[in-house]
Amino acid sequence: MEDVRGRGDATGVAERVADSLRGPFPLGEHDEVFVSASIGVALGDAGEDRHEGMPNDLLRRADVAMYEAKRKGKAHHEVFNPRMDDLALGRLRMGTDLRRAVERGEFRVHHQPEVSVETGGIVGFEALVRWEHPEQGLVSPARFIPVAEETGLIVPMGRWVLEEACRQARAWRDLRPNSPLHFMSVNLSARQFEHPDLVRDVARVLRETGLEPGCLVLEITESVVMNDARSTIGTLGELKALGVRIAIDDFGTGYSSLSYLRRFPVDYLKVDRSFVDGLGENPGDAVLVSGIIDLAHALGLKVVAEGVETQEQLELLQNIGCDLAQGYHFAKPLPDQEASALLFTNRLRW
Ligand code: C2E
Ligand code: MG
Ligand code: MG
């Protein structure tokens with residue numbers, strides 16, 4: 001745009017462009033499509049307008065702003081500011097570091113127990129990836145999973161986590177055939193779930209590690225389920241046909257309709273920590289969690305409460321009929337050795 005007097009002129013146009021792209025647009029005779037636009041805005045400085053290379057630089061900044069808009073969620077515009085360059089550079093660096101980490105084997109899988117609310121015993125584990133960065137120490141997945149997701153590295157990394165988790169679960173089951181561990185739960189991000197090789201990879205890992213398919217739980221979030229309902233049903237159906245079970249992670253935090261629970265072959269709901277947090281303090285949360293449990297049971301699903309930190313929360317969950325619980329009250333995610341010790345000494349009898 002020329003003759004821009006201020007940022008409002010530019011963002012006003014961005015909004016008009018976004019409005020004109022709001023569908024639905026008819027496609028063929030029977031279909032409609034909705035699209036959304038992520039828009040990046042960069043403003044040139046006065047006096048900057050004639051120097052060489054300027055158009056390229058302005059486009060590059062608009063591009064950086066557009067990626068920022070995409071990252072913050074779709075259908076949104078962002079105006080470039082120099083901090084975005086630093087952030088983009090940081091992510092780029094982390095992307096490079098991550099790629100090296102895959103090659104150098106810097107990832108670890110930790111295991112957090114899931115216990116039966118009724119008996120207090122460990123029935124399964126959730127596999128949670130950790131990055132042992134040579135300089136920064138243990139890096140939280142909250143920091144590197146989004147970058148791995150953006151760069152696509154999540155696919156090989158996730159495959160490795162799946163292999164490790166299944167191998168460990170098989171070993172634990174073999175060590176105690178009489179009261180075996182029931183399941184190992186592994187997280188799948190959107191990009192992994194949408195990958196065309198997913199079902200084949202899962203089948204191969206089960207075959208190679210010898211873990212019974214019924215012992216593997218795959219966790220996906222509501223947003224993954226809602227992304228593209230039609231292909232989701234297909235993929236979930238194929239995974240179920242292998243015999244694996246499906247959990248909805250962070251349940252209650254998405255903005256999705258509940259109707260998918262009826263349509264999709266789901267086995268577990270993991271109630272998000274934010275609801276469990278308030279148990280015992282906020283009566284509304286107890287009502288909500290209790291309602292979720294009743295709904296899940298009516299649909300034949302089991303419920304896992306995430307982030308249980310106190311005895312009081314556990315007792316409330318017992319009273320409202322929750323099936324499984326996971327949280328620091330029992331144990332943090334632990335390296336193999338410590339998780340084994342916990343499992344075999346049966347210290348977890350609450
Ligand atoms: P999530 O799947 O919901 O995992 C539960 C998170 O809650 C874990 O964080 C766990 O350490 C933490 N947590 C468990 N109990 C408590 C508690 O009592 N209090 C509090 N404050 N926190 C608790 P973590 O390990 O940092 O993982 C964060 C997220 O990163 C996971 O959330 C999951 O979405 C993702 N993630 C972790 N590992 C993988 C992986 O291998 N693949 C994929 N795709 N995502 C992963
Ligand atoms: Mg999870
Ligand atoms: Mg969760």
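**View 1. The donor residues of the magnesium ion (ligand 2) follow the spacing E-x60-N-x31-E-x29-D along the sequence.** In this predicted model, the four residues that coordinate the magnesium ion (ligand 2) are Glu-126 through OE, Asn-187 through OD1, Glu-219 through OE and Asp-249 through OD, at 2.0 to 2.3 Å. Because Glu-219 lies in strand β9 (residues 216-221) and Asp-249 in strand β10, this pair ties together parts of the chain that are 30 residues apart in sequence. Both Glu-219 and Asp-249 are buried.

**View 2. The magnesium ion (ligand 3) has donor residues spaced D-D-x55-E in sequence.** Asp-249 and Asp-250 each contribute an OD atom to the coordination of the magnesium ion (ligand 3), while Glu-306 appears twice through OE, and the distances run from 2.1 to 2.7 Å. Which residue links this ion to the magnesium ion (ligand 2)? The bridge is Asp-249, and the two ions that it joins lie 4.0 Å apart. Although Asp-249 and Asp-250 are both donors here, Asp-249 has a relative accessible area of 7% and counts as buried, whereas Asp-250 has a relative accessible area of 26% and counts as partly exposed.

**View 3. Ligand 1 is surrounded by a shell of 24 residues, among which Arg-130, Asn-187, Asp-249, Glu-309 and Tyr-328 come nearest.** Two of these names, Asn-187 and Asp-249, have already been met as donors to the magnesium ion (ligand 2). When the shell is sorted by residue type, it divides into 10 nonpolar, six polar and eight charged residues. At least two residues of the shell are supplied by each of β6 (122-133), α4 (141-151), α5 (154-175) and β10 (245-251), and the largest share, four residues, comes from β6.

**View 4. Polar side-chain atoms of the protein approach nitrogen and oxygen atoms of ligand 1, as Gln-112 and Arg-130 show.** An N or O atom in the side chain of Gln-112 is 3.1 Å from a nitrogen atom of ligand 1. On the oxygen side, a polar side-chain atom of Arg-130 lies 2.8 Å from an oxygen atom of the ligand, and Glu-306, which also coordinates the magnesium ion (ligand 3), places a polar side-chain atom 3.2 Å from an oxygen atom of ligand 1. How much of the accessible area of ligand 1 does the protein cover? Of the 800 Å² that the ligand has on its own, the protein covers 82%.

**View 5. Phe-344, in helix α14 (residues 336-345), touches Trp-172, Leu-175 and Arg-176, when residues up to four places away in sequence are not counted.** Although Phe-344 and Arg-176 are 168 residues apart along the chain, their C-alpha atoms are separated by 8.4 Å. Is Phe-344 buried or partly exposed? With a relative accessible area of 26%, Phe-344 is partly exposed.

**View 6. The whole chain, shown for context, contains 14 helices and 13 strands.** Its C-alpha trace spans about 80 × 45 × 45 Å along the principal axes, and 43% of its 350 residues are buried. Among contacts between residues at least 6 apart in sequence, 64% join residues at least 24 apart. The chain exposes about 18,700 Å², of which carbon and sulfur atoms supply 51%.

Note on methods. Residues are numbered from 1 along each chain as its sequence is written. Chains are lettered from A and ligands numbered from 1 in the order in which they are written. This is a predicted model: local features need pLDDT of at least 70, side-chain atom pairs count only at pLDDT 80 or more; totals for chains, interfaces and linings use all residues. Side-chain values use heavy atoms; hydrogens and water are left out. A residue is near a molecule or strand if one of its heavy atoms lies within 4 Å of it. A polar contact is a pair of N or O atoms within 3.5 Å; within protein, one must be able to donate a hydrogen and the other to accept it, and residues adjacent in sequence count only if both atoms are side-chain atoms. Accessible areas come from the Shrake-Rupley method with a 1.4 Å probe; for residues, only the protein chains shown count as cover. Ala, Val, Leu, Ile, Met, Phe, Trp, Tyr, Cys and Pro count as nonpolar, Asp, Glu, Lys and Arg as charged, and the others, Gly among them, as polar. Donors are N, O and S atoms within 2.8 Å of the metal (3.2 Å for Na, K and Ca); water is not among the atoms, so sites may look incomplete. Buried means under 20% relative accessible area, exposed over 50%, partly exposed in between (1.4 Å probe, protein chains only). Contact means heavy atoms within 4.5 Å.
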